[in-house]
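Me: I've got a model here that I'd like to poke at with you. Can we go through it piece by piece?

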Amino acid sequence: MSLIGRWGGAFAICIALGLIGASRSWGLFLDMGRHFKVTGQFYTQQRLRMQDSDGPEDLEGGGTQPKVQIGHLIQWRNFAFPVFEGNLNKPLALTWLDDLSFRFAGRFIYDGVYDIGADQFRRELRRHKVSAASRSPNAGAAPGGDPHPGPGLGGNEPVAIYRGTRRVEINERTRIGACGPAPAILVLPSPITCQLANPEQRAARLRDQEIFDPRNLFTQQYEPWEIYMNVERRPFFLRIGRQNLAWGESDGQRLLDGNNPLDRLFGLPFDEDLDEQRIPLWMVRTNVQLIDTWGPLSSFGVESYVVPGIIDTTQGPVPLGADYPYAPPAGCDPQFIANERSQAEFGGSRPPNEGCTRSRPGLIKRGTIKTSLYERLPEKKWENSRYGIRVLGILFRDYTFSVGAYRSWADVPEPRVHYTDLLMSDPALPPDSPAQTTPPLPTAVIAELTHGTVTVVGGAVSFFQPRLVPGVVRSEIGYFIDEPALVPIANIGNIPNLENFARGQGVFLDTFVPTADYLRWVVGYDMFQVNVPWISATNNIVIVAQWFNSYRLTSDAKYRRLVRQLSAPGAELDPDLGKFDFGITQPDGSRTSSPAYQSLGNVTFQAYMMHGRLVPQITFVGDIKGWGSVLPNVTYRFSDSLLLRLSYSTIFGSFFGGGIFRDRDQVGMRLTYQFN
């Protein structure tokens, strides 16, 4: 990449900050009638790691990769959000409309983590891109090599990563012909052969898919962000275009406002603005005000929206691999695990630290079992649309309420693993024959991250009733129907007990993404009139507190039954295979089960000192599973438009939920210019 490409975004933002800094602190009107104006927000933010990363053998769950040390730069985000707004009513003399306005906003981000940050991220990015684009390590050019080499076959370390909308799996239920002589990938003296399923198609499964490039998704974002028109003739309101929609009452975490996807790569949990993480969608949004006042009811209306799937099926980016500073710990590289397993099963010995180390020389070459990661995105078609409707209003003048339902895409995609082609000790016998000296191994493994839809029905109530409580009470409750889930026996297949696959049950070919129903609710309490004289005699302290709860209504029972059905007579598989899972593989191969009930609370204290110029804030987060976080920060206002913010983030406790980031303590600084 050229010098301009690497630094152009940062230079442009710095120049913009300098030019705007010389102007006034309010929006710039472009006409004498003050109908059109330009506003915006611009900031530069740096973060340094204050804790060494735990490696794969130091932290349960596989550890954070790559390892980063104290003092390393892990974020240098330069952010520009210019906004152009206007009202067309008076310029066009449209007296029959109450409002005809527009909003155009662009978002421009450049993050220098791959250019001037820790070299580990640049190195990992290069390794993953080379792995995905390179030929198989056992290419067909070599004598006796793979006759169908090329991208999409995997076999490289680290594992190759792709994304696209096309199907890559081949659901081949029948065995394919007789196998030929043992290929060169095997150097065993015994007559082991490979059984292939449609080899020509196998080579093309991922060849035409997009190679996952974190630089484009994470560090360089230059795009129109919000583009919409408002049309209103009371009681009807219409907003059409690319926009964000928030329906909930929660703060920092969302429950009923899952309409828009989130950019989960933006930073640590609770340490970034939720509004900056929302990704706008092309939607049509309407509101009809039905009742102004009728008895105890007022401001009653109906709001609805639709995101046409034929136009927009945008999903939040998935933190695959070890390329991102804020990616969850990925554990051992899947290709490492595949290489070690192939040597353990067919090489006659099981190496130490199975799955967490690079392959050692053995009887089977690296890449015998080829693995690939693939994010399958929804196709643009009508059945993939998002939509929702709710009624909202005020009851008894004090209680704001809403009740509604919506269909959207789940925040987190779940994996579905495809196993194709068989490696057998004796191809003359069926795979389920007890005469097979070793269990059959799949030679092509595709871990497909599948996005799924979820339907949510719920409501919210908030009120300020000073006669009862000196603050604002917020509450939400939602029933989440058919949310994608992770159960190892369903998503991944019967990996820990390969002998079961030899019985011909076809578990490897029939993996699927299960679903579960959840009941979630949140209660919040905010106080704005708390005065502590020794902090400030003239200003109040703001306290914002919330308590999130989630209960899984779908039990483990039906998946435990599946485990029993697949068990050999007289044998019993690991019952954890049939449990809803957190999804982090432990070094010993076990996985962390997800409890039916989960709970998380957070409270924020914010004070105003020096007549509002100095604003200290501290947030505490605690989870019932035993992890917590403390996030103090302080903001100094040089003026209404220029702000400096210093922050620290620490996470500690159990390796669950936000606790998987417990080796990511960081300190940060943000300089913001608000052009409002």
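Me: Which two strands flank the loop that holds Pro66?
Reply: This is a predicted model, so local features need pLDDT of at least 70 and side-chain atom pairs count only at pLDDT 80 or more, while totals for chains, interfaces and linings use all residues. Residues are numbered from 1 along each chain as its sequence is written, and side-chain values use heavy atoms, with hydrogens and water left out. Strands (E, at least two residues) and helices (H or I, at least four) are DSSP runs numbered from the N terminus. Pro66 is in the loop between strand E2 (36–49) and strand E3 (73–87).

Me: And what is omega for the bond from Gln65 to Pro66?
Reply: Most residues other than glycine have a negative phi, and most peptide bonds are trans. The bond from Gln65 to Pro66 is cis, with omega near -5°.

Me: Where is Pro235, and what is omega for the bond from Arg234 to Pro235?
Reply: Look in the loop between E8 and strand E9 (236–243) for Pro235. The peptide bond from Arg234 to Pro235 is cis, with omega near 15°.

Me: Is Ala93 buried or exposed, and what is its relative accessible area?
Reply: Ala93 lies in the loop between helix H2 (89–92) and strand E4 (99–111). Phi of Ala93 is near 55°, a positive value in a residue other than glycine. With a 1.4 Å probe and protein chains only, buried means under 20% relative accessible area, exposed over 50%, and partly exposed in between. Ala93 counts as exposed because its relative accessible area is 57%.

Me: What is the relative accessible area of Ser299?
Reply: Ser299 is found in strand E11 (residues 297–307), and its phi is near 50°, a positive value in a residue other than glycine. Ser299 is partly exposed, with a relative accessible area of 35%.

Me: How many helices and strands does the protein have, and what share of its residues is buried?
Reply: The protein has ten helices and 27 strands. Of its 676 residues, the share that counts as buried is 52%.

Me: Which residues lie nearest the centre of the largest cavity?
Reply: On a 1 Å grid over the protein atoms alone, a cavity is a set of points where a 1.4 Å probe fits but cannot get out, a pocket is an open set with protein on both sides within 12 Å along at least five of seven lines, and lining residues have an atom within 4 Å of a point. The structure holds seven cavities of 30 Å³ or more, the largest with a volume of about 90 Å³ (the space filled by probe spheres set on grid points, joined across faces, edges and corners). Strand E14 (399–409) and strand E17 (453–464) each supply at least two residues of its lining. Of the 13 lining residues, the nearest to its centre are Trp247, Leu256, Arg390, Gly404 and Gly458.

Me: What about the second largest pocket: which element gives the most to its lining?
Reply: That pocket has a volume of about 510 Å³. Of the 23 residues that line it, the closest to its centre are Leu217, Glu223, Ile279, Thr314 and Gln315. Helix H5 (214–219) and strand E8 (220–233) each supply at least two lining residues. With five residues, the element that gives the most is E8.
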